[in-house]
Amino acid sequence: MKVAVLVGGVGRRIGMEKTEVMLCGKKLIEWVLEKYSPFQTVFVCRDEKQAEKLSSRYEAEFIWDLHKGVGSIAGIHAALRHFGSCVVAAIDMPFVKPEVLEHLYKEGEKAGCDALIPKHDYPEPLLAYYAESAADELERAILQGIRKILVPLERLNVVYYPVEKLRKFDKELISFFNINTPDDLKRAEEICSKMSTEGL
């Protein structure tokens with residue numbers, strides 16, 4: 001299975017690069033490297049400088065956005081151009097269950113869709129399956145100045161997958177918890193302290 005990790009922006013709200021955020025004594029990137037080690041994984045950086053910096057520290061494959069400064073839509077696009085069909089996960093989602101990723105990938109492949117996006121009250125496009133067939137539409141949107149991934153998805157064959165179906169792999173659905181602010185990090189530490197290391 002192919003996994004593309006969106007390393008992303010500079011983490012303005014939390015005051016540091018997301019890769020450097022410490023959680024339970026480890027950097028977020030270290031959690032992800034360990035967790036996704038069984039899979040074919042690529043880390044999508046915002047630019048060459050970030051990729052070079054991280055590749056000098058970690059044994060992993062790092063690529064970068066082909067279109068700079070437009071956010072996660074460019075990261076997903078770069079992943080598809082590099083990797084083909086894959087599941088995408090953001091670096092700031094530390095509690096993603098690998099079983100959730102595997103299920104999304106299998107369901108996306110089985111459905112033959114352009115994207116399979118988990119959805120509760122709102123969609124979760126940063127923890128989702130994307131087919132290589134979505135790449136052209138994402139690029140078209142980027143060139144039109146569109147930065148929201150949900151806009152080009154409206155023009156694609158997308159399956160919105162009920163998150164309730166994922167509870168058999170992730171009872172509390174903590175896979176969708178992400179760290180954007182210091183308060184989020186505090187809550188993540190609380191979650192982490194209640195879980196065994198194997199559960200992360």
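In the predicted model, Pro118 touches Leu104, Pro123, Glu124, Leu127, Ala128, Tyr161, Val163, Leu166 and Phe176, leaving aside residues up to four places away in sequence. Pro118 belongs to strand 7 (residues 115-119) and is buried, with a relative accessible area of 0%. Its C-alpha atom is separated by 8.9 Å from that of Tyr129, eleven residues apart along the chain.

Helix 7 (residues 182-193) has twelve residues, for which a span of 16 Å is expected at 1.5 Å a residue; the end C-alpha atoms are 17 Å apart, in agreement with that value. Within this helix, Leu185, Ala188, Ile191 and Cys192 are buried. Viewed down the helix axis, the buried residues fall within an arc of 115° and therefore line one face. An α-helix has 3.6 residues a turn, so residues three or four places apart point the same way. Pro182, Asp183, Lys186 and Ser193 are exposed on the other side of helix 7. The cover over the buried residues of helix 7 includes strand 2 (22-23).

One disulfide is counted. It is formed by Cys24 and Cys192, whose sulfur atoms are 1.6 Å apart. Cys24 lies in the loop between strand 2 and strand 3 (26-27), whereas Cys192 is in helix 7, so the pair ties together parts that are 168 residues apart in sequence. Cys24 is partly exposed, at 31% relative accessibility, while Cys192 is buried, with a relative accessible area of 5%. Cys86 is in no disulfide, the nearest cysteine sulfur being that of Cys113, 13 Å away; this distance is too far for a bond. Cys86 is buried at 0% relative accessibility, and Cys113 is buried with a relative accessible area of 3%.

Note on methods. Residues numbered from 1 in each chain as written. Predicted model: local features only at pLDDT ≥ 70, side-chain atom pairs only at ≥ 80, totals over all residues. Heavy atoms only, no water. Helix = DSSP H or I, 4+ residues; strand = E, 2+ residues; numbered from the N terminus. Buried < 20%, exposed > 50% of the residue type's maximum accessible area, 1.4 Å probe, protein only. Contact = heavy atoms within 4.5 Å. Expected span 1.5 Å × (residues − 1). Arc of directions from axis to C-beta. Disulfide = S-S within 2.5 Å.
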